[in-house]
Amino acid sequence: MTLDIRGLSKFYGTWQALKEIDLSVGESEFVCLLGPSGCGKTTLLRVVAGLESFEGGEMTLGGRDLATIGARDRGFGIVFQSYSLFPQMTAAQNIGYGLKLRKRPQAEISARVEELLALVGLEEFAGRLPWQLSGGQQQRVAIARALAVEPALLLLDEPLSALDARVRAGLRSEIRQMQKRLGIPTIMVTHDQEEALTMADKVVCMSAGRIEQIGSPADIYTRPATRFVADFVGSSTLLPEERAAGFGIVPPAGQSGRLFALRPEDVLVRPDATGPGRVRSITFLGNVSRVEIDWQGDVILAETHRLPDFTEGAPVTLSLQPGAGVWVAP
Ligand code: ATP
């Protein structure tokens, strides 16, 4: 079933939190809502969940109008950022809760709980209470609980943000694999671009209540449509036309007024005693080093081998990889 959102708006009083949102989530699709704090991604997820109303536009699932269906009756699975397990219930009881509410027979509940515990790799933890589980384990239980009722849509609100980096990376791929296997359409909110790029089929990049761009992770990264996307997803140097011309690059006809967005990994730095650039700073990032170059009045970001063969203050020349950069809306 496809979720279709057309021209959706949401106000809190006079403040417009969502502006003319158009979005569809296809069968088995994993969609990430990505954007900075306050851009409206949680609001959009809550509207889809039925936890918030909306004022303009429409929202349908498999052609059925969702406006008249309450949160409880939508049958969606929801996982929130903070561990929201019932504290007095064991992992197994938490997972089985939705089925118990639906008055399913005990044998069916037990079988389903066992299956889900295995799915999230917690077979041995069935009898533990939430406080006896790590953060990552608690989120696994929360995901299993959301999946127990075979939701038509899975909604994840920053489910990994409270976890440490290593657990987060592991769970990312676990969730993605699980979602692929089950084929449940999923919307996940995140402000972490790496999370969105590694997990999503489709990234929805949001800013100030609006969708800036929708695309595959590769599209969003290699062909950002706007200055905001180029800047928010990865890093870019944004050069006005006349500066880009310094690299011999001119905008396509009819596209004047745009900015040339240049990824650091597409900029090659070479030490050159007579070069026009100066190394402003070198930041060691582990796998590579990030270098800022003073270049004819601009600061250009580049990436080099982790141990570059020049030092801060050194004169350098820059060149671009073939096909580097993209023109974006200002
Ligand atoms: P974060 O990553 O910080 O959670 P977000 O992108 O999810 O950010 P939202 O929580 O959707 O942002 O909030 C969008 C905007 O709506 C914010 O400016 C917020 O202050 C405002 N907002 C959210 N909930 C309410 C509310 N109940 N009443 C009034 N304004 C609200």
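## Exercises on helix packing and a ligand site

The crossing of α4 and α5 is right-handed. That handedness comes from a predicted model, and the exercises below work through the same model with you.

**Exercise 1.** Work out how α4 and α5 are oriented to each other, and which residues bring them together.

*Solution.* Start with the geometry: the axes of α4 and helix α5 (residues 135-148) approach within 10 Å and cross at roughly 135 degrees. Next, apply the cut-offs: an angle over 145 degrees would count as roughly antiparallel, and 65 to 115 as roughly perpendicular. The two helices are therefore oblique to each other. Finally, look at the side of each helix that takes part: α4 offers Arg-112, Leu-116 and Leu-119, while α5 offers Ala-144, Leu-147 and Ala-148. Sorted by character, this contact has five nonpolar residues, no polar ones and one charged.

**Exercise 2.** Now step back to α3 and describe how it packs on α4.

*Solution.* Helix α3 covers residues 91-101 and helix α4 covers residues 106-119; their axes come within 9 Å, with a crossing angle of roughly 130 degrees. This pair is therefore oblique as well. As for the hand, α3 passes α4 in a right-handed crossing. From α3, the contact draws on Ala-92, Ile-95, Gly-96, Leu-99 and Lys-100; from α4, on Ile-109, Arg-112, Val-113, Leu-116 and Leu-117. Seven of these residues are nonpolar, one is polar and two are charged. You may recognise two names: Arg-112 and Leu-116 of α4 touch α3 and also meet α5.

**Exercise 3.** Are α5 and α6 roughly parallel or roughly antiparallel?

*Solution.* The axes of α5 and helix α6 (residues 165-182) come within 11 Å and cross at roughly 15 degrees. Since angles under 35 degrees count as roughly parallel, α5 is roughly parallel to α6. The crossing is right-handed. On the α5 side you will find Gly-136, Gln-139, Arg-140, Ile-143 and Leu-147, and they meet Val-167, Leu-171, Glu-174, Ile-175, Met-178 and Leu-182 in α6. That contact divides into seven nonpolar, two polar and two charged residues.

**Exercise 4.** Which residues surround the ligand, and which of its atoms lie by polar side-chain atoms of Tyr-12, Trp-15 and Thr-43?

*Solution.* First list the surroundings: Tyr-12, Trp-15, Ala-17, the run Pro-36, Ser-37, Gly-38, Cys-39, Gly-40, Lys-41, Thr-42 and Thr-43, and also Glu-158. Then take the polar atoms one by one. Tyr-12 has a polar side-chain atom 3.4 Å from a nitrogen atom of the ligand. For Trp-15, the partner at 3.4 Å is an oxygen atom of the ligand. Last comes Thr-43, with an N or O atom of its side chain 2.6 Å from a ligand oxygen atom.

Terms used
Residues numbered from 1 in each chain as written. Predicted model: local features only at pLDDT ≥ 70, side-chain atom pairs only at ≥ 80, totals over all residues. Heavy atoms only, no water. Axes fitted to C-alpha atoms, helices over the stretch in contact; angles between N-to-C directions. Helix = DSSP H or I, 4+ residues; strand = E, 2+ residues; numbered from the N terminus. Left-handed = near helix turned anticlockwise from the far one by under 90°. Contact = heavy atoms within 4.5 Å. Nonpolar A, V, L, I, M, F, W, Y, C, P; charged D, E, K, R; others polar. Near = heavy atom within 4 Å. Polar contact = N/O pair within 3.5 Å; in protein donor to acceptor, adjacent residues only side chain to side chain.
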